[in-house]
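Hi,

Here is the structure I said I would pass on. Have a look at it first, and then read on for what turned up when I went through it.

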Amino acid sequence: MAKTKWKQGDLIETEITDLSDTGDGVGRSDELVVFVPDTVPGDRVVVRLVNVKPKYAFAKVKELLQPSPYRIRPACIVADKCGGCQWQHINYQYQLEAKRKAVIQALQRIGGFTQPQVDQVLTAGEPLDYRNKATYPMGISPKVGVIAGYYQKSSHQIVNLNQCPVQDSRLNPFLAQVKQDIESNGWEIYNERSHTGIIRHLGLRIGRRTGQVLLTLVVRDWILPGIEQQAQEWLDHYPPLVGVMLNQNGDRTNAIFGNETRLIAGTSYLEEEFASLKWKIKPETFFQVNTETAEALLYEIQSELNLQGNEILVDAYCGIGTLTLPLAKQVHLAIGLEIQQYSVVAAEINAQYNHINNVTFHCGKVEELLSRISDKPDIVILDPPRKGCEPSVIETLRKAKPARIVYVSCKAATLARDLKQLCQDDLYTLSRVQPADFFPQTAHVEVAAFLVLSNLVKDT
């Protein structure tokens with residue numbers, strides 16, 4: 001029987017049977033695999049093909065014939081348009097099951113682990129109202145005027161928002177008012193096509209435990225007449241607001257923040273409490289957006305390590321020390337490695353702020369710094385970017401042979417790839433894996449993998 005030749009625009013009826021690692025529903029027709037956003041396993045749908053390849057295609061839902069038992073009504077009225085979330089239409093318990101399954105599949109398919117011990121996905125707090133940070137691109141609408149929101153799925157069209165159910169609800173009052181004040185001041189909104197205008201993004205950040213808020217306008221240049229007066233008015237009107245800043249980004253780039261931030265009114269940081277420590281956090285500081293679940297995962301790591309106080313610990317890709325500093329209180333010596341200079345400065349400030357003196361931070365590439373450490377580490381924490389570790393980092397660790405490695409990752413595929421290399425020739429054993437839901441309503445999952453040096457190697 002001849003294969004069906006599908007083409008763009010064709011309609012297909014299919015049942016969604018799985019979710020891809022990017023969060024799309026997966027269906028099949030004959031031998032064609034079809035990826036369909038905004039669907040749930042169990043949905044029976046008619047879809048229109050929009051991009052056809054020899055063995056797979058991308059499609060959009062034309063008609064929902066039979067909804068999945070896991071399908072729910074989204075909490076957001078623009079969930080079908082906004083690209084900020086992918087899974088608001090999916091029952092939360094099913095989201096957790098899907099994330100655990102995705103981690104297991106990556107470890108088996110990419111890592112070669114036959115029966116990895118993957119625990120239930122760790123959660124803390126609520127699946128909505130959790131994000132402590134929001135950064136909205138800004139634009140102009142002929143009907144509405146100044147708008148701010150997230151980009152529509154697969155486009156650079158902004159979906160205008162006055163509230164967002166996944167952000168901390170205490171940030172919502174700022175959205176409408178700031179847009180109105182920008183318009184009243186006559187400040188020009190940036191146009192990415194012509195590279196003209198001034199205001200590019202609105203950044204909001206809140207301390208979940210303290211309630212303190214920072215407001216940052218990302219601008220093409222510093223000329224913003226009346227910003228000092230407006231900043232003071234915002235501080236007077238919103239008691240939780242502790243600082244108003246401008247960040248300058250004059251490049252043609254998708255990066256949000258530029259290299260320089262100026263304080264306009266108030267303080268340049270907010271204070272937060274995390275893991276029984278106090279933190280100073282600035283607009284551009286990397287700090288996990290889900291405070292409660294990040295803290296829960298840290299406690300899980302502490303419990304697994306069962307630190308005795310005599311260990312030397314290295315935290316590679318340490319950021320501002322959100323893992324380094326709490327763990328430093330339980331070891332003999334902690335060493336943080338980080339490529340971003342401003343993160344190292346922030347980490348040192350937070351160490352002093354909390355009177356933690358048995359920690360040092362070094363700025364540079366992890367692959368270069370790791371091999372120079374004079375003190376042999378007992379434990380190494382890895383928390384690299386999504387792309388995972390450089391091969392030289394893996395090789396250095398295999399030579400150094402620390403007794404334990406904790407690999408924290410936001411991408412299961414690169415985690416599995418790197419774990420395979422670390423465990424090659426039975427050098428390390430993967431004892432267990434703890435997923436954590438840092439990003440409810442999306443397909444993203446954070447994972448902590450615990451490696452132990454094999455007994456055979458310890459004895460040699």
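The buried residues of helix H9 pack against H1, helix H8 (391-400) and four strands: S19 (379-382), S20 (404-409), S21 (428-436) and S22 (446-453). Bear in mind throughout that this is a predicted model. H9 itself covers residues 412-422, and its buried residues are Ala412, Thr414, Leu415, Ala416, Asp418, Leu419 and Leu422. If you look at the spacing in that list, it helps to remember that an α-helix has 3.6 residues a turn, so residues three or four places apart point the same way.

Alanine 416 is a good place to zoom in on H9. Its relative accessibility is 0%, so alanine 416 counts as buried. Apart from its neighbours within four places in sequence, alanine 416 is in contact with Ala106, Leu107, Ile110, Gly111 and Phe113. As for glycine 388, its C-alpha is 9.6 Å from that of alanine 416, with the two positions 28 residues apart in sequence.

Now to H1, which runs over residues 92-109 and contains glutamine 95. Is glutamine 95 buried or exposed? Buried, because its relative accessibility comes out at 0%. What does the polar end of the glutamine 95 side chain have beside it? One of its polar atoms lies 3.0 Å from the backbone oxygen of isoleucine 90. Leaving out neighbours within four places in sequence, the contacts of glutamine 95 are Trp87, Ile90, Pro440, Gln441 and Thr442. Valine 166 is 71 residues from glutamine 95 along the chain, and their C-alpha atoms are separated by 15 Å.

H1 also brings us to the salt bridges. In general, side chains of opposite charge can pair when their charged atoms come close. The count here is 20 salt bridges, and these are the ones I would look at:

- Lysine 99 with aspartate 437: the closest N and O atoms are 2.5 Å apart. Lysine 99 is in helix H1 and aspartate 437 is in the loop between S21 and S22, so this pair ties together parts that are 338 residues apart in sequence. Both lysine 99 and aspartate 437 are buried.
- A network: salt bridges with shared partners join Asp119, Glu300, Glu304 and Arg432 into one group.
- Arginine 71 with aspartate 43: these side chains meet at 2.5 Å, N to O. The two sit in distant parts of the chain, 28 residues apart, with arginine 71 in the loop between S6 and H1 and aspartate 43 in the loop between strand S4 (32-36) and S5. Arginine 71 is partly exposed because its relative accessibility is 25%, whereas aspartate 43 is buried at 0%.
- Arginine 44 with glutamate 13: the closest N and O atoms are 3.3 Å apart. Here strand S5 (residues 44-52), holding arginine 44, is linked with strand S1 (residues 11-15), holding glutamate 13, across 31 residues. Arginine 44 is partly exposed at 29% relative accessible area, and glutamate 13 is partly exposed at 46%.

Next, the cysteines. How many disulfides are there? The count is zero. Cysteine 318 shows why: its closest cysteine sulfur, in cysteine 363, is 9.3 Å away, too far for a bond. Cysteine 318 is buried, at 5% relative accessible area. It is a similar story for cysteine 389, where the closest cysteine sulfur belongs to cysteine 410 and lies 11 Å off, which is too far for a bond. Cysteine 389 also counts as buried, with a relative accessibility of 6%.

Two last spots to look at. On the surface, Val50, Tyr56 and Phe58 form a nonpolar patch, with about 220 Å² of accessible area together. Of these, tyrosine 56 lies in strand S6 (residues 56-66) and is partly exposed, since its relative accessibility is 34%. The other spot is asparagine 172, in helix H2 (residues 172-185). At 16% relative accessibility, asparagine 172 falls under the 20% cut-off and so counts as buried. Its contacts, setting aside neighbours within four places in sequence, are Asn162, Gln163 and Cys164.

Cheers

Note on methods: Residues are numbered from 1 along each chain as its sequence is written. This is a predicted model: local features need pLDDT of at least 70, side-chain atom pairs count only at pLDDT 80 or more; totals for chains, interfaces and linings use all residues. Side-chain values use heavy atoms; hydrogens and water are left out. Buried means under 20% relative accessible area, exposed over 50%, partly exposed in between (1.4 Å probe, protein chains only). Contact means heavy atoms within 4.5 Å. A polar contact is a pair of N or O atoms within 3.5 Å; within protein, one must be able to donate a hydrogen and the other to accept it, and residues adjacent in sequence count only if both atoms are side-chain atoms. Patches are made of residues with over 30% relative accessible area and no salt bridge: like charges are joined within 9 Å, nonpolar side chains (Val, Leu, Ile, Met, Phe, Trp, Tyr) within 5 Å. Accessible areas come from the Shrake-Rupley method with a 1.4 Å probe; for residues, only the protein chains shown count as cover. A salt bridge is a side-chain nitrogen of Lys or Arg within 4 Å of a carboxyl oxygen of Asp or Glu. A disulfide is a pair of cysteine sulfur atoms within 2.5 Å.
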